[in-house]
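Here's a quick tour of the protein on your screen. Have a look at the overall fold before we get into the details.

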Amino acid sequence: MSGIAASDEAFNQFQTIKNDKGKSLWGVFQIQEEKTVECTYLQEQPEGYEGGKDETFKNFEEEVYAGVVAYATENLSASCAYIVVDFKFEAGGRQQAKLVLISWCPESKAKVKAKMLHGSTLNAFKDKCDGIQGKPIQAATFGELSYETVFEAVSGI
């Protein structure tokens with residue numbers, strides 16, 4: 001355990017993802033100055049995403065989750081982060097939503113110290129964020145961050 005904890009502001013941002021269903025869809029949390037975990041990005045609901053429940057689940061991959069991958073590609077190729085997503089999917093003939101934690105730690109470009117701090121802070125961050133469903137999903141490559149890979153982990157396929 002690193003002794004690094006989420007700030008009150010980061011916890012409040014997490015709560016908006018958890019409780020304000022549909023308003024804040026996902027967020028990126030990163031260790032700042034080796035002292036605290038802060039929310040560095042919060043994705044609000046995109047324009048036109050206010051459709052009915054069926055549309056929300058049907059369009060989630062293209063309209064929401066594609067933004068997670070694009071943000072990671074553009075901003076996190078050499079940085080570790082915790083990504084919290086209100087993940088929507090259909091499995092077993094029913095629509096489901098789970099609050100998931102993705103531990104993003106790129107293999108080749110992140111510095112060793114950053115990886116060690118990230119790994120040793122993961123459980124403390126998860127414990128602070130009550131409501132995360134299941135184990136954190138480990139992702140070190142963009143393939144592991146894909147919708148299909150996260151879907152398999154979340155749906156238990």
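The protein has four helices and six strands. Keep in mind that this is a predicted model. In sequence order, the elements run β-α-β-β-α-β-β-α-β-α.

**Overall shape**
- The radius of gyration is 15 Å, which agrees with the value near 15 Å for a compact globule of 157 residues.
- Along the principal axes, the C-alpha atoms take up a box of roughly 45 × 30 × 25 Å.

**Packing and contacts**
- Buried residues make up 42% of the 157 in the protein.
- If you count contacts with a separation of 6 or more, 64% of them link residues 24 or more positions apart.

**Surface and charge**
- About 8200 Å² of the protein is exposed, and 48% of that comes from carbon and sulfur atoms.
- There are 16 positive and 23 negative charges, and the mean positions of the two sets sit 7 Å apart.

**A look at helix α4**
- Which residues are buried in helix α4, residues 147–155? They're Tyr-147, Val-150, Phe-151 and Val-154.
- Looking down the axis of α4, you'd find these buried residues within an arc of 105 degrees, so they line one face of the helix.
- The general rule behind this kind of spacing is that an α-helix has 3.6 residues a turn, so residues three or four places apart point the same way.
- Right after α4 comes Gly-156, which has a positive phi, near 80 degrees.

Key. Residues numbered from 1 in each chain as written. Predicted model: local features only at pLDDT ≥ 70, side-chain atom pairs only at ≥ 80, totals over all residues. Heavy atoms only, no water. Helix = DSSP H or I, 4+ residues; strand = E, 2+ residues; numbered from the N terminus. Rg over C-alpha atoms; globule rule 2.2 N^0.38 Å. Buried < 20%, exposed > 50% of the residue type's maximum accessible area, 1.4 Å probe, protein only. Contact = heavy atoms within 4.5 Å. Areas by Shrake-Rupley, 256 points an atom, 1.4 Å probe, with all protein chains shown as cover. Lys, Arg positive; Asp, Glu negative; His and termini not counted. Charge placed at Lys NZ, Arg CZ, Asp CG, Glu CD. Arc of directions from axis to C-beta.
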